[in-house]
Structures are given as structure tokens and as C-alpha cells.
Amino acid sequence: MDCLTGGTSYLILHGSSPRLTASRFSPKFQIPRLKAPPISQKRLLLCRASGSQKGDSGNEFPFKVGNAFVEEAIGAEYGEGFETFRMDGPLKLDVDYLNERLQECFLQRIRHAMKPDEAFGLIFSWDNVVADTRSLKLDAWRRLASEEGREIPTAGHVHRTIVNTAADHVLQKVLCWEKEVSRLEKLKSRLSQLYYQNLLKLDTPIKGLREWLDALYTAGTPCAVVSCLDRKIMLEAMDRMGISKYFQAVVTEEDGMESTAHRFLSAALKLDRKPSKCVVFEDDPRGITAAHNCTMMAVALIGAHPAYELEQADLAVASYNELSVINLKRLFAHKGSNFMDLQKQIITKLPSRRKLRTDTIF
């Protein structure tokens, strides 16, 4: 029986003892050590083991980038949430349900009275809030244009459009490159691969973010980060940036959320905080709308969008250096910590009016 391993043939003798004593070999006989294959061969073996035959072409990646170039729905326009499955059947988790069920217990109320900074939950969007993905996406578009022999217009409004809009709309309406469906899919796939290559080089967070997270970590305020990326990609990027320890919860593509609001609700659930006690850090007006739909406060980071497009935010800052922990308390100060909770209007019946009669004396 011949066994082929690595192109070498070995003969296995049946009936021989499986134990080989040292007397059968020369004293100078040495068993050679097997060397580990280089990294390039490891990636090749990984791709072939997963069923891909193009792993050595340099165009296929073992991970997917997710919906990085797809415009997500805002969600929760009427307070609707998402469904989760339990042993007794599906359970709908909407905004009202989470605000009602995630109430503080007696011990938590005592702890939050002593340490009020821990009563809130902070949710950070990944794009342009934690990482500068705007420059990474723009560079991916430029590299794709170079490969296709085309050029990206230099106008600023065009750059904002191609970064903040879905890839289908950019290819068909903005750049007018292609309209054929099969060709569009190839271009979008290649665009995602170029963006993935840029993510592998990402090792620096947004300026001032690490200092802000360190202040929140000292105050004991729990934080979460949400993204449509693959979990492994984002966790590796956070490790390279050195900010993994600051986030107690992560919401990624694997969580199966269908809209931006659903990601925020999932983050609040993982932080064990009511949505009405969470603050979302966003740079997109659509994300700010999603936060308000979830009864959350929204802090806008000016940069990817100008300040006049972020007027609906509860607070807008140019950088994290303008923030302090006391700013979070002031967001809830004017009506108390529960001011965003839904309140029932009590209508009391007014006493009936007495009719005044004037008697005329003649």
C-alpha cells in the first residue's frame, strides 16, 4: 500500500511491529524535523481547504467585508425592533419593550446613585467615529479606477457622494462606469477586496478617541461599537489600534441586524442599559435619526458631513477633545435621566361650568 504525502512515496509493511527499537537503526541515524510551511503556503492551504480554487490568485480573501458599500436602512421609524428566538418561540424586542424590561434593579439603583457615570451606555459607530474609513474607501475607489483605466473626479462633492452612497448607485449614476449586472457584481467584489486590504493596514483610531475612551474607562461608563463588518476583521483592527479593552460589547455583521437602529438596540441590550439611557456617537445624519428613533441621545462628530447637516443631533463637536464626562450628564440634565421615556398623558375631567344668570329687577 502506497501513501503519497507531499510527493514522496512511503511503503508501509503489514505484519511488522509498530514499535521500532533503536537497535534497528544506525547510531548516527537522525530523524529530520519537519519545517512549518511559510505564511504564503498557509494561506494557500487555508483557501484550498475551504473549497476555493482561486486562493493563490491574490484576489480572494478568507473573510468578507460585509455591507461596507451598501446603504443601510435607518429602521425603528415606529419604534419597531428585531426578533430573537427563545425556547418558547420568537420574541419581538422593540424600543418600548427594551425600555420597560431593562429597568434597574434595587442594587443597581443604589450603585448608580453613588456612581452616576455608570448609569449610561455609550454606543460608537465604526465608520468615521472610531476609524477613519472615509479615506480607506476613497483610496479603494481610486485603486479600482486605476485598474479599470478610469479616473475619479476631483470635486469634493463627488468624493462625499461616492463615500457615503451605495456602490450600485455610484457605479451607475455618479461615475457612469457600468450598467450590466454581472459586470457590476465583479466591480463591487473587487472594490470590497481593495477595501479589505486597506483595513489590514489600519492601526490608528480617530484623533482624540483613545484619550476620550480612557476617560470613560476611568469613570466606569460601558461602551459598545457597532459596524456592518465581519467580526474578525473589526476585532483585529481594534487590537492593532489598541482600543479593544475599552469596549464591553461589539455588534457586527454576524448579529444579523437589518438596519442601523437594530444595531443600536442590540448594543443597548448587550450593555444592559435602557435605550433611553444610551448615547450614540455618529457622523451620519441617517445614524442620528436612527438613534432618535430608538429614544437615544445622539452626539455628532463633524467631519465627513458638515455641521449644518447634523443640526438634529443633541450635541455636535469637531473632535473628541471638546468632550468631557460632564457633557454626558448635561444631555440628560434638563428633565432628569428619564426624560426621554414615553409618558402617558393623564387627562383629568374639569368640573362643569356653572351658568351665571343675571336677574333683572324692574
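Val 299 stands opposite Leu 315 in strand 10. Strands here are DSSP runs of E with at least two residues, helices are DSSP runs of H or I with at least four, and both are numbered from the N terminus. Strand 10 covers residues 315-317 and runs parallel to strand 9, with three bridges between them. Two strands count as paired if DSSP finds at least two bridges between them.

This is a predicted model, in which local features need pLDDT of at least 70, side-chain atom pairs count only at pLDDT 80 or more, and totals for chains, interfaces and linings use all residues. Residues are numbered from 1 along each chain as its sequence is written, and side-chain values use heavy atoms, leaving out hydrogens and water.

Stay with strand 9, residues 297-301. Five of its five residues are buried, where buried means under 20% relative accessible area, exposed over 50%, and partly exposed in between (1.4 Å probe, protein chains only). Met 297, Val 299 and Leu 301 point one way, while Ala 298 and Ala 300 point the other way. In a regular strand the side chains alternate between the two faces of the sheet.

Now look at strand 8, residues 278-282. Strand 8 pairs with strand 9 in the parallel sense, over four bridges. Here Phe 281 is the residue opposite Val 299. Helix 11 (residues 285-293) joins the two strands in a right-handed β-α-β unit. Right-handed means that, with the strands pointing away from the viewer, the path from the first strand over the helix to the second runs clockwise.

Step back to the sheet. It is open, has six strands in the order 7-6-5-8-9-10, and its pairing is parallel. Why do strand 7 and strand 10 stand at the edges? Each has a single partner strand, so one side of each is left without a neighbour in the sheet. Neighbouring strands are turned by 20° against each other on average, direction ignored. Axes are lines fitted to C-alpha atoms, for helices over the stretch in contact, and angles run from 0 to 180 degrees between N-to-C directions.

Further along the sheet, strand 5 (residues 121-125) and strand 6 (residues 223-226) run parallel, joined by four bridges. Phe 124 has Val 225 in strand 6 as its bridge partner. Helix 8 (residues 209-219) packs on the sheet and touches strand 5, strand 6 and strand 8. Contact means heavy atoms within 4.5 Å. The direction of helix 8 makes about 160° with that of strand 5. Helix 10 (residues 260-271) also packs on the sheet, touching strand 5, strand 6, strand 7 and strand 8.

Next comes helix 7, residues 181-200. Its 20 residues should span 28 Å at 1.5 Å a residue, and its end C-alpha atoms are 29 Å apart, which agrees. The expected span is 1.5 Å times one less than the number of residues. Its buried residues include Leu 184, Leu 187 and Leu 191. Among the elements that cover the buried residues are helix 4 (133-147), helix 6 (167-174) and helix 9 (231-241).

Two loop residues remain. Most residues other than glycine have a negative phi. Ala 76, between helix 1 and strand 3, has a positive phi near 55°. Ala 76 is buried, at 1% relative accessible area. Asp 272, in the loop between helix 10 and strand 8, has a positive phi of about 60°. Asp 272 is partly exposed, at 40% relative accessibility.
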